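Reader: I would like to go through this model label by label. Please set each value against its cut-off.

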Amino acid sequence: MSFNESNFNSTFMEDDAGKIEMKSVSFYTPLVYVSILVISLVLFASHYRKKTVQELTELPSMFDESIARDIYFELKLMNESGDTKVHDKVLKAALLNRGAEAIRRTLKLKESEPQITMLYKNGCVGEEYWKRYQNEVKLVDLEFKETIQEAELIQPGWPQLFVLVCKEICFNQALKRRFQAILLRKDVFSKQWCLKFDDSGKLIE
């Protein structure tokens, strides 16, 4: 009797040891974990992006304040407030001038890109200046895209012609600045060498 009982008990214990307890897992549990992970990554990316943008906006600009941009926003604010009605041609001219200034800055940054890149690789300029340059490139590109969007709002279908006119204005302004620089050098050298010119610009001997 004792042998049978001991045999039965040992068999029962072996059966219990061989059994694996199974717990049911809800179908939504993995989805909840994945959702939490995705939301955490999105929040982290958003926070990191905002922090990066804030750091970039705090960097000092490589250019002076854009007078053309300020004038356009002043005219636009006057027009939207209703106090003073600004003519569409005046608003378009201000926007064209703003776009031309953005193109001028873009060309200036592209001209200086090889030199700045070489100086940065050689360690002649620091990390902060390199970040300022990269930040300025992004801001100028964003500025020009905003002018194109404004052009579309003012007159649908205008952006294509708007870009061409902005480039032409930019090049004409560059020629004007060079011509004025030549006249300035002429006046300086005339005073240094005591030269005299007639009304047509010819040298008087």
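Author: Start with burial. Buried means under 20% relative accessible area, exposed means over 50%, and partly exposed lies in between (1.4 Å probe, protein chains only). The model is predicted: local features need pLDDT of at least 70 and side-chain atom pairs count only at pLDDT 80 or more, while totals for chains, interfaces and linings use all residues. Residues are numbered from 1 along each chain as its sequence is written, and side-chain values use heavy atoms, with hydrogens and water left out.

Reader: Why does C166 count as buried?

Author: Its relative accessibility is 0%. The cut-off for buried is under 20%. So C166 is buried.

Reader: And what makes C170 count as buried?

Author: C170 has 4% relative accessibility, so it is also under the limit and counts as buried.

Reader: How do you know whether the sulfur of C166 is close enough to that of C170 for a bond?

Author: A disulfide is a covalent bond between the sulfur atoms of two cysteines. The test here is a pair of cysteine sulfur atoms within 2.5 Å. The closest cysteine sulfur to that of C166 belongs to C170, at 9.0 Å, so the gap is too far for a bond. C170 is in no disulfide either. A search of the whole structure finds zero.

Reader: What makes the contact between E143 and R98 a salt bridge?

Author: Side chains of opposite charge can pair when their charged atoms come close. The rule asks for a side-chain nitrogen of Lys or Arg within 4 Å of a carboxyl oxygen of Asp or Glu. For E143 and R98 the N to O distance is 2.6 Å. That satisfies the rule, so the pair is a salt bridge. It links distant parts of the chain: E143 is in helix α5 (residues 127–154) and R98 in helix α4 (residues 88–121), 45 residues apart. Helices here are DSSP runs (H or I, at least four residues), as strands are (E, at least two), numbered from the N terminus. Both E143 and R98 are buried.

Reader: Which side chain besides that of E143 meets R98 in a salt bridge?

Author: That of E146, at 3.2 Å, N to O. E146 lies in α5 and R98 in α4, so this pair ties together parts 48 residues apart in sequence. R98 is at 1% relative accessibility, hence buried. E146 is at 28%, between the two limits, so it counts as partly exposed. R69, R98, E143 and E146 form a linked network of salt bridges.

Reader: How many salt bridges does the rule give?

Author: The count comes to seven. One of them joins K145 and D141, at 3.3 Å, N to O. Both lie in α5, four residues apart, about one turn of the helix. K145 is at 45% relative accessibility and D141 at 40%. Neither value is under 20% or over 50%, so K145 and D141 are partly exposed.

Reader: What makes up the largest nonpolar core?

Author: A nonpolar core is a set of buried Ala, Val, Leu, Ile, Met, Phe, Trp, Tyr and Cys residues joined through side-chain atoms within 4.5 Å. The largest has 17 residues, and L95, W158 and F162 touch the most other members. Helices α3 (67–81), α4, α5 and α6 (159–193) each supply at least two residues. α4 gives the most, with seven. A second, separate core of six residues includes F63, L109, I116 and Y133.

Reader: Why does W158 count as buried?

Author: W158 is at 9% relative accessibility, under the 20% limit, so it is buried. W158 sits in the loop between α5 and α6. Contact means heavy atoms within 4.5 Å. Beyond four places in sequence, W158 is in contact with K92, L95, L96, A151 and E152.

Reader: How do you know that the end C-alpha atoms of α4 are as far apart as its 34 residues should span?

Author: The expected span is 1.5 Å times one less than the number of residues. For α4 that gives 50 Å; the end C-alpha atoms are 48 Å apart, so the two agree.

Reader: Where in α4 does the kink lie?

Author: At E113, shortly before the proline P114, with a bend of about 45 degrees. The bend is the angle between axes fitted to the seven residues ending at a residue and the seven starting there.
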